[in-house]
Amino acid sequence: MEVQFLEKNSDYESVLEVLLQLRPNYNLDTLSGQIEKQQSNGYQVVYVKSPEGVLAAGFSVGEKLAWGKHIYIEDLVTNAQFRSSGVGKFIIDWFKKYALESGCEQIHLDSGVQRFPAHKFYLREGFNIASHHFSIVGVKNG
């Protein structure tokens, strides 16, 4: 297996199709456009092809007062029919190596509260539940 950075090549549409499993509010065209928009602000997509399928991850490298230089994994999804095949561990190990090479001391991600199998995986891979993430969706006046 090998981690590759997403480019507009023969794998592009299959990677987007996997990302749509996590982000079904998009279609192929709108997802592609959103990825391109975010790439102008440092967002990157990597993917792994294995005999079992594709795993894709979108992330950015940033700096914050609270975390210093860090990787934030924004989107991480394995094709649903091929989960628990080892590709997730492979890419998390890659992120750990990439963090060291990039001068990052921390890796962060958020995961929906209902995603219990994902939480079990993240804990097994060394992530800690360090905070609660709060959000306001659909901000309105008043």
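**Pockets and a helix pair in a predicted model**

Let me begin with the second largest pocket, where α4 gives the most to the lining, with 6 residues. I should say at once that what you have in front of you is a predicted model, and everything I describe is computed from it.

Staying with that second largest pocket, its space comes to about 470 Å³, and of the 20 residues that line it, Arg83, Ser84, Pro117, Ala118 and Phe121 lie nearest its centre. Besides α4, both β4, which covers residues 68–78, and α3 supply at least two residues each to this lining. If we sort the lining of the second largest pocket by class, we find 9 nonpolar, 5 polar and 6 charged residues.

Now to the largest pocket, which holds about 1100 Å³ of space. Which residues lie nearest its centre? They are Leu109, Asp110, Asn128, Ala130 and Ser131, out of a lining of 32 residues. At least two lining residues come from each of α3 (87–101), β5 (106–109) and α4 (116–124), and you will recall that α3 and α4 also each supply at least two residues to the lining of the second largest pocket. By class, the lining of the largest pocket divides into 16 nonpolar, 11 polar and 5 charged residues.

Let me step back to the chain itself, which has 4 helices and 5 strands, arranged from the N terminus as β-α-α-β-β-β-α-β-α. The C-alpha trace spans about 45 × 35 × 30 Å along its principal axes. The radius of gyration is 15 Å, which agrees with the value near 14 Å that a compact globule of 142 residues would have.

Finally, I would like to turn to the first two helices, α1 (residues 12–22) and α2 (residues 28–39), which pack at an angle of about 95° with their axes 10 Å apart. Because angles of 65 to 115 degrees count as roughly perpendicular, α1 is described as roughly perpendicular to α2. On the α1 side the contact is made by Tyr12, Glu13, Leu16, Glu17, Leu19 and Leu20, while α2 brings Leu28, Leu31, Ser32, Ile35 and Glu36. Taken by class, this contact between α1 and α2 has 7 nonpolar residues, together with 1 polar and 3 charged ones.

Methods: Residues numbered from 1 in each chain as written. Predicted model: local features only at pLDDT ≥ 70, side-chain atom pairs only at ≥ 80, totals over all residues. Heavy atoms only, no water. Axes fitted to C-alpha atoms, helices over the stretch in contact; angles between N-to-C directions. Parallel < 35°, antiparallel > 145°, perpendicular 65-115°, else oblique. Contact = heavy atoms within 4.5 Å. Nonpolar A, V, L, I, M, F, W, Y, C, P; charged D, E, K, R; others polar. 1 Å grid on protein atoms, 1.4 Å probe; cavity = no way out; pocket = protein on both sides within 12 Å on 5 of 7 lines; lining within 4 Å. Points joined across faces, edges and corners; volume = space filled by probe spheres on them. Rg over C-alpha atoms; globule rule 2.2 N^0.38 Å.
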